[in-house]
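Me: I'd like a close look at one part of this protein, the area around a single core residue. Could you walk me through what it touches and how the surroundings are put together?

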Amino acid sequence: GWPTAGGWWLAAPIAAATMATQTDVDSIIDRLKSGAIISENAVIPERDVEFLCKQARAIMIDEDNVQPVQLPVTVVGDIHGQFYDLIELFNVCGQVPDTNYVFMGDFVDRGYYSVETFLLLLALKVRYKTRITLIRGNHESRQI
């Protein structure tokens with residue numbers, strides 16, 4: 001297992017051989033944004049999900065508790081798994097990386113597409129780490 005600090009798992013180094021390329025992350029983002037994953041009842045491969053989680057975790061562990069944000073920025077409240085609302089938000093307010101975003105948590109729960117919503121946000125964080133800030137809300141907990 002990985003070592004812990006105060007109950008939080010510490011990121012394990014990711015071997016270079018298992019790292020996806022920028023193109024791979026772009027491909028994941030494109031597949032999610034297209035909605036094909038949902039409309040075709042397709043599956044994001046487990047290796048892609050694991051990669052995104054490990055990469056995003058490593059990025060966020062290195063971030064400060066108070067994170068500087070480039071202005072101008074669009075601040076977004078509770079998404080709650082509303083995948084199509086998230087896509088519409090990007091269409092109306094601007095796509096990442098053209099627009100900076102701060103997501104104030106509550107990415108999951110209530111909506112039908114919590115997994116797809118959170119995976120898209122993770123993929124965007126991995127690809128454009130300084131353009132998107134994710135803040136954990138009360139719905140991002142072990143109980144939920």
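Reply: Let's start at Leu124. Leaving out residues up to four places away in sequence, Leu124 touches Ile29, Phe90, Val96, Lys129 and Ile132. Keep in mind that this is a predicted model.

Now for the core around it. The largest nonpolar core has 32 residues, and Leu124 is among the four that touch the most other members, along with Phe90, Phe103 and Leu120. Two or more residues each come from helices H1 (22–34), H2 (36–39), H3 (46–62), H4 (83–93) and H5 (114–127), and from strands E4 (100–103) and E5 (132–134). The top contributor is H5, which gives seven residues. As a general point, nonpolar side chains in soluble globular proteins tend to be buried together.

What does H5 pack against? It lies across E4 and E5, and its direction makes an angle of about 130° with E5. Those two strands belong to an open sheet of three, ordered E3-E4-E5 with parallel pairing. E3 (73–76) and E5 are the edge strands, each with a single partner, so one side of each has no neighbour in the sheet. On average, neighbouring strands here are turned by 15° against each other, ignoring direction. Between E3 and E4 the parallel pairing runs over four bridges, and one residue pair to look for is Thr74 with its bridge partner Tyr101 in E4.

Thr74 also takes you to a spot worth a look, Thr99, which sits in the loop between H4 and E4. Thr99 has a relative accessible area of 13%, and because the cut-off for buried is under 20%, it counts as buried. Apart from neighbours within four places in sequence, Thr99 is in contact with Thr74, Cys93, Gly94 and Arg131. With Cys93 there is a polar link too: a polar atom of the Thr99 side chain lies 3.2 Å from the backbone oxygen of Cys93.

Zooming out, the protein has five helices and five strands, running β-β-α-α-α-β-α-β-α-β from the N terminus. Of its 144 residues, 38% count as buried. Among contacts between residues at least 6 apart in sequence, 80% join residues at least 24 apart. As for the outside, the accessible surface comes to about 8800 Å², with 54% of that belonging to carbon and sulfur atoms.

Conventions
Residues numbered from 1 in each chain as written. Predicted model: local features only at pLDDT ≥ 70, side-chain atom pairs only at ≥ 80, totals over all residues. Heavy atoms only, no water. Buried < 20%, exposed > 50% of the residue type's maximum accessible area, 1.4 Å probe, protein only. Contact = heavy atoms within 4.5 Å. Areas by Shrake-Rupley, 256 points an atom, 1.4 Å probe, with all protein chains shown as cover. Core = buried A, V, L, I, M, F, W, Y, C linked by side-chain atoms within 4.5 Å. Polar contact = N/O pair within 3.5 Å; in protein donor to acceptor, adjacent residues only side chain to side chain. Pairing = 2+ DSSP bridges. Axes fitted to C-alpha atoms, helices over the stretch in contact; angles between N-to-C directions.
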